[in-house]
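Reader: Hey, got a minute to walk through a structure with me? I'd like to go over salt bridges, helix packing and a few odd residues.

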Amino acid sequence: MSKSITIDGNTVPFEEGQTIMEAATAAGVYIPHLCHHLEFAPHGSCKLCNVKVNGRVCSACTFPAMEGQEVLNNTQELTDDRQKITQMLFVEGNHFCPSCEKTGNCQLQAVAYHLNMLDDHYPLFFPTRKVDASHAEVMIDHNRCIFCTLCVRASQQKDGKDVFAISGRGLKKHLIVNAQSGLLKDTDIEATDQAAHICPTGAILIKHTAYQVPIGERIYDHKQIDQVSLEKEHDQHGK
Amino acid sequence: MYQHLETAKNTENLKRIVVDPVSRVEGHGKVTLLLDADNKVQQARLHIVEFRGFERFIQGRPYWELPVLVQRLCGICPVSHHLAAAKAIDQLVGIDPENLPVSADKLRRLLHFGQVFQSHALHFFHLSSPDLLFGFESDISKRSIVAVLGAYPDLGVQGVKMRKYGQEVIRMVSGKRIHGTCAIPGGVNKSLTKAERDYLLEDIDQMIEWSAASVALIKKVHCSNLPYYDDFATIRSNYLGLTKPDGALELYHGGIRAKNANGGTIIDHVDYCKYNDYIHEEVRSWTYMKFPYLLSLGRENGWYRVGPLARVNNCDYINTPLAEAARVEFKAHSNEAMVHSTLAFHWARLIETLHCAESIKTLLNDPDIMGHDLVAQGEKRYEGVGVIEAPRGTLFHHYQVDENDIVTKANLIVSTTSNNMAMNESVRQVAAEYLSGQELTEPLLNNLEVAIRAYDPCLSCATHAMGKMPLQLELIDEEGNLIDKLVKHSSGQIERPSHG
Ligand code: SF4
Ligand code: FES
C-alpha cells in the first residue's frame, strides 16, 4: 500500500523522498509558491508555501512528506499570512504593475490576485535600486527582484554558468552578477539561457519584447495562478 | 489685448478673489482676481497648482516602456499619450511613419479616433452642456450632467452612449477601456478579429447620426446668441496644429501648420521632428505651466491656440462628407478668415466628433485592420519625436536614449500648455468685460470657468471624478480679511459658511 498524508482532510499519496509541495502538486492540490520550481532543489526563502503540519508551520517546498502528517493548506489563517507576506514583498521593492511589462505574465502579481490582496497595507520602502541595461539582449530591473534565487539556480544547474548570486543580508540583500564591472554585459549570459527566462517577477527581462503579447493572451488573463501552476507542474510531479 | 491685466501695477489695497479649484476641468487649477475698491479688475491669472515632474520620472527607464508609462499622465486622453510616445519610439527602432506597416498605421488611427470621439463626447455632454443649455449664470444646482439628464433625457443618454462607444473602440484595439496596450516599437501587438470589427460596426451609424445631431444643436445654441457667443472670452490669436500634406484635417500624423489671426500662413508642412527650431517655451514665476510661443514671432506675439478650434480653422477641408459640410457652415457663420470665438471651440469640437465617427466607419470597413503584418524593424537611433493631435490639441513627445536603450532625456509639450496664454487671455477678457465693476456672485464667477472650460483643459493630466469637484470662493478685503465665502461640496450642495 502506498504511503499517504492528508491535506485539508483529503488523503494525498506520496513517494519516499517527495516534499509536501511535490506530493500536493502531483495530487492536483495548489500550494501558493514563488521560489519553488519543480526543476530545482528547493530554496525555502519566500515563505509563501507555509502550511501547518500537525499544528506546526513549515515550508511545504522544503519539508519532506511523511506518514501520518495532517497538513492544513487552504485555511483563512494561512491565506491571511500569505497575503501579508506578499504585501511585504511588494513594499520592499518598487513594483508598479500598471507600467511593468511583465504585468499579466507575472507570478508575483498573479499570486497577489489569487490571495485577494487589494492594497499594500504596509508603508512602501521606495528603495533606490538600479536598472542594468548594459547587455544587448537581457536586462535586470533590480527594483523588482524578490531574491527567490531562481536565476541563481538556473544559471548554475541548467546553463552550466554562474552568472547570478545573492549578496548582503536583510535590507542590504541584493542580486549581483559575476563580473568585475558588476555589469551584466560583462558576464557570459545569453538570451537563450534558462536563467534569462525564469524570473517570477519582471526583474530579469529579454529586451525589445515588451508588450508584444496583447491583453487577452497573457498567461494570467483568463486563468488564475493555481490553475496555470497545476497544469504546468502536475504531470512532471506525478511521474 | 488684455496682457496689461497679467500683472497689476500696484497690488496694494486690492481685494483678492480666488476661484479654487476651477471645476469641471481635468486636474487642479485656480483663478485669482485682484479688484480695487470699485470692484474693477486689476489683475487676473489662471494658475496651475500641480506639478508632476513626469519628464524626470521616465528618465532611467527603457524606452519600450514609454507608451504604457506615459498613459498614466492622463485619465482622459491616455491613448493620445500612448500614441505620441509610440510615434517617437518608432524612430528609435528606425521606423519612420511612412515605413510603418499599413495595418499598424490604420489600427493606431482607429484607436485614436476612438479616443478623440470619447474625450470630445465626455467634454461636451458631461462638462459643458450644463453651461450651454442652462446659461452661464444659471443656478449652480443646474450645472451638472444630472440636471441635463433630467431636462433633456435623450441628449443625456446619447452623451453617455457616445462616450461608451469610444471606449469600446479603445477596448477592442488595445485590450482595455483605459490604459491598455496596443502600440509597440515599429507597430502594434494585435489586429482586430472579424467578430470585434462586426461588433463595432453595429452601432456606428447611430453614432454618426447622434454626432450630426449634436453639431446641429451646438450650431443652434451658438447662432441664437450670436453676438454674445462671438464675443464672450474671445481673443484674436494665432493657431497651430497638424494637417495632412494636402491641407486636410488630421488627428494622427501630419506636418505642422500655423496661421495668424487673419488667416495668413506663418509656417506650413513643417516636419515635427524639427519643432525645436520653431517653438520655444517660456517659464514665468507665478505658475508651473510654461508658455510656448512661435520663435519667429517672439514671446509677446508668438503664442497660439491649439485644439479643435485651431484644427478646424487651420485645415483647408475635412475628408469626410458630413463633417466637411459642417465645417463649411462653421466658417461661413463668421465674416473673418479665422473663427476667433472661444465658445466656438464647442462647435469645432463637435464637428471633429462627427469626423471621428465617420472615419471610424471608414476604417471598420477597411480589411487592413484585420491584417497580419503588424510590426516593422529598422536601424537603431538615439532620438525620437512623436507629435499627435490629442483631443485638446497638438501633443509633443521628445526622447533621447543611450546605447543601452535607457531614456536619458524627455521633453513633453502637452496641449493645454500651448493654450496657457490663450486661457489666461480669455480669463482676463471675461474679467475685464463681464465682471469688472460688479458685485461678485458665484453665478457671475462661473463665467470665468466657462471661459476656461471652452478649452477643455487638462490642467494636471490627473483624473478626477466628474462633477464632483469642490469649489471654494473667497472674497478678501484689502487688509486680508475674509469678508465672504461660498463653498460647493463634492455632493453639489452649496453653502455659505458663517465666518468671523
Ligand atoms: S532576479 Fe528574479 S529570479 Fe533572480 S532572484 Fe530576483 S526575483 Fe528571483
Ligand atoms: S515556495 Fe516555499 S519558501 Fe518559497
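Author: Sure, here's a quick tour of this model, which is predicted.

Reader: Good to know. How many salt bridges are there over all chains?

Author: The count comes to 37 salt bridges over all chains.

Reader: Let's start with A:K207. Which residue does A:K207 form a salt bridge with?

Author: A:K207 pairs with B:D405, and their closest N and O atoms are 3.2 Å apart. That pair crosses between chains. A:K207 sits in the loop between β10 (204-206) and α5 (225-238) of chain A, while B:D405 is in the loop between β13 (393-401) and β14 (407-413) of chain B.

Reader: And are A:K207 and B:D405 buried or exposed?

Author: Both A:K207 and B:D405 are buried.

Reader: What about B:R311, which side chain does B:R311 meet in a salt bridge?

Author: B:R311 meets B:E352, at 2.5 Å from N to O. This pair links distant parts of the chain, with the two residues 41 residues apart. B:R311 belongs to helix α10 (residues 308-314) of chain B, and B:E352 belongs to helix α12 (residues 344-364) of chain B. Both B:R311 and B:E352 are buried. While we're on the topic, A:D141, A:R144, B:R61 and B:E65 are joined into one network by salt bridges that share partners.

Reader: Nice. How far apart are the closest N and O atoms of A:D221 and A:R218?

Author: They're 2.8 Å apart, in another salt bridge. A:R218 is buried, because its relative accessible area is 15%, which falls under the 20% cut-off. A:D221 has a relative accessible area of 24%, so A:D221 counts as partly exposed.

Reader: OK, switching to helix packing. At what angle do α3 and α4 of chain B cross?

Author: Roughly 150°, with the axes of α3 (residues 78-92) and α4 (residues 102-134) of chain B coming within 9 Å. The angle is over 145 degrees, so α3(B) is roughly antiparallel to α4(B). The crossing of α3(B) past α4(B) is left-handed.

Reader: You mentioned α12(B) earlier. How do α11(B) and α12(B) cross?

Author: The axes of α11 (residues 321-332) of chain B and α12(B) come within 8 Å and cross at roughly 165°. That makes α11(B) roughly antiparallel to α12(B). Their crossing is left-handed.

Reader: Over to the surface of chain A. Which residues form a nonpolar patch there?

Author: A:F96, A:L124 and A:F126 form one, with about 300 Å² of accessible area together.

Reader: Where does A:F126 lie, and is A:F126 buried or exposed?

Author: A:F126 is in the loop between α3 (107-114) and β6 (131-132) of chain A. With a relative accessible area of 53%, A:F126 is exposed, because the cut-off for exposed is over 50%.

Reader: Which residues of α3(A) are buried?

Author: The buried ones are A:L108, A:Q109, A:A110, A:V111 and A:A112. After α3(A) comes A:N116, whose phi is positive, near 60°.

Reader: Oh, backbone stuff! What is the phi of A:F147?

Author: About 60°, so a positive value even though A:F147 is not a glycine. A:F147 is in the loop between β7 (138-141) and α4 (150-157) of chain A, and A:F147 is buried, with a relative accessible area of 9%.

Reader: And which loop is B:A233 found in?

Author: The loop between α8 (226-231) and β6 (238-243) of chain B. B:A233 is a residue other than glycine with a positive phi, near 60°. At 0% relative accessibility, B:A233 counts as buried.

Reader: Last topic, some spacings. How far apart are A:Q18 and A:S229 in space?

Author: They're 18 Å apart, C-alpha to C-alpha, and 211 residues apart in sequence. A:Q18 lies in the loop between β2 (10-14) and α1 (20-26) of chain A. A:Q18 is buried, with a relative accessible area of 11%.

Reader: And what separates the C-alpha atoms of B:G187 and B:Y199?

Author: A distance of 24 Å, with the two residues 12 residues apart along the chain. B:G187 is part of strand β5 (residues 187-188) of chain B, and B:G187 is buried at a relative accessible area of 0%.

Methods
Residues numbered from 1 in each chain as written. Chains lettered and ligands numbered in written order. Predicted model: local features only at pLDDT ≥ 70, side-chain atom pairs only at ≥ 80, totals over all residues. Heavy atoms only, no water. Patch = residues over 30% accessible without salt bridge, like charges linked within 9 Å, V, L, I, M, F, W, Y side chains within 5 Å. Areas by Shrake-Rupley, 256 points an atom, 1.4 Å probe, with all protein chains shown as cover. Salt bridge = Lys/Arg side-chain N within 4 Å of Asp/Glu carboxyl O. Helix = DSSP H or I, 4+ residues; strand = E, 2+ residues; numbered from the N terminus. Buried < 20%, exposed > 50% of the residue type's maximum accessible area, 1.4 Å probe, protein only. Axes fitted to C-alpha atoms, helices over the stretch in contact; angles between N-to-C directions. Parallel < 35°, antiparallel > 145°, perpendicular 65-115°, else oblique. Left-handed = near helix turned anticlockwise from the far one by under 90°.
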